[in-house]
Amino acid sequence: MTPESLARTVARERRPEPAAPADARRYVNQWVEREAIGSEEVSAFVLILRTRGCYWADQKGCSMCGYAKDTLGRSATPEELAEQLDRALARYRGEPYVKVYTSGSFLDGREVDPASREALVQAFSGKARRLLFETLPEFATPETLIPLRDAFAGELEVALGLESTDPNVLGRLVHKNAPPSEYLDAGDRVRGLGLRAKAYLLLKPPYLTEREAVRDVLASIAEAGRRFDALSVNPVHIQNGTVVEWLYRRGRYRPPWLWSVVETLRSGAPLRGTARLVSFPTAGGLPRGPHNCGKCDTRVLEAIETASLRQDFTILDSLECDCRVGWERLGRIEPLGVEA
Ligand code: SF4
């Protein structure tokens, strides 16, 4: 019998039990964060809906993604989704930027049915200036997008988890379901309909050295900058129930250094064309998130956030700490086979 791959074993073990009815009526999480629309700094209202979750996570899933833990294990009904939305609206204070995630694809009808999608978009229409949702590329079609565009008086932004423009990195290391070309084509379709397209780029998938990871993101910025309105560099943080966590627990993976984030922004800025280039690291400074030595993490994270909001990357030039020498040395010795 052929042994099951590590990715499929991890996917099987993290599949959630169907949730109790009460869980389906509550969204996963909601918070407000700093963002920018153009040169204006604004507040963003972030909402994570509880849905059936990403179909790809059931089959194999991406090596760094543990969002399957936040899902129902079955489709939410329109009534359950409506109640989640009502609860969220009760906390909405007119933030100009709204971001809606589902631990999967907002445009997959198995997660959010078309009528519930339109109801959500209409609920923020005329209140938010920009509304973002995330989807896998195969669901970003004129059939799904045009009704939402017509229902929202403002700017819709479609986020795609491109991660890397290198087919080898995307397929073999990240384990995405589709090649980069499908993400790039989806970005073109989104923009062709007059909507904004945003791509997430993953910094340091498993099995890349720190330097290889930086080079991979820079190559992706150079290629995707022409096809997207915004690029967000997401350094890996260790989520439960993932291949990355499996490696981390065995000492075979270290989350990226914040110096690597700084490097991707500084060197990526001239490559990005007209796209915004940002990074807002999750779990920054924590052992399971992107981190430096502990002494400089807060300062470096603040500089990364400020540079991202203002699109002024010169702020990053003067950052210094003793640990930067260690990060540079690592870049030289890692290719020799020394573990991070
Ligand atoms: S990263 Fe996206 S596509 Fe991959 S398993 Fe997670 S939700 Fe699905």
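How many of the nine residues of strand E5 are buried? Eight of them are, as the first view shows. This is a predicted model, with residues numbered from 1 along each chain as its sequence is written. Local features need pLDDT of at least 70 and side-chain atom pairs pLDDT 80 or more, while totals for chains, interfaces and linings use all residues, and side-chain values use heavy atoms, leaving out hydrogens and water.

**View A. Strand E5 beside strand E4.** E5 covers residues 155-163 and is mostly covered; buried here means under 20% relative accessible area, exposed over 50%, and partly exposed in between (1.4 Å probe, protein chains only). Strands (E, at least two residues) and helices (H or I, at least four) are DSSP runs numbered from the N terminus. E4 (residues 130-134) pairs with E5 in the parallel sense, over five bridges; to count as a pair, two strands need at least two DSSP bridges between them. Look for arginine 130, whose bridge partner in E5 is glutamate 155.

**View B. Threonine 135, in the loop after E4.** This loop runs between E4 and helix H6 (142-151). Threonine 135 is buried, at a relative accessible area of 3%. Skipping neighbours within four places in sequence, threonine 135 is in contact (heavy atoms within 4.5 Å) with Ser105, Phe106, Leu107, Ala140, Val158, Ala159 and Leu160.

**View C. Positive phi at serine 103 and histidine 175.** Most residues other than glycine have a negative phi. Serine 103 goes the other way, with a positive phi of about 60°. You'll find serine 103 in the loop between strand E3 (97-101) and helix H5 (114-124), buried at a relative accessible area of 10%. Histidine 175 also has a positive phi, near 65°. Histidine 175 sits in the loop between helix H7 (167-174) and helix H8 (180-192) and counts as buried at 10% relative accessibility.

**View D. Helices H11 and H12 packed together.** H11 (residues 258-268) and H12 (residues 297-310) meet at an angle of about 25°, with axes 10 Å apart. Axes are lines fitted to C-alpha atoms over the stretch in contact, and angles run from 0 to 180 degrees between N-to-C directions. So H11 is roughly parallel to H12, a label for angles under 35 degrees. On the H11 side, the contact is made by Leu258, Trp259, Val261, Val262 and Leu265, and on the H12 side by Asp297, Val300, Leu301, Ile304 and Ser308.

Technical notes
Angles under 35 degrees count as roughly parallel, over 145 as roughly antiparallel, 65 to 115 as roughly perpendicular and the rest as oblique.
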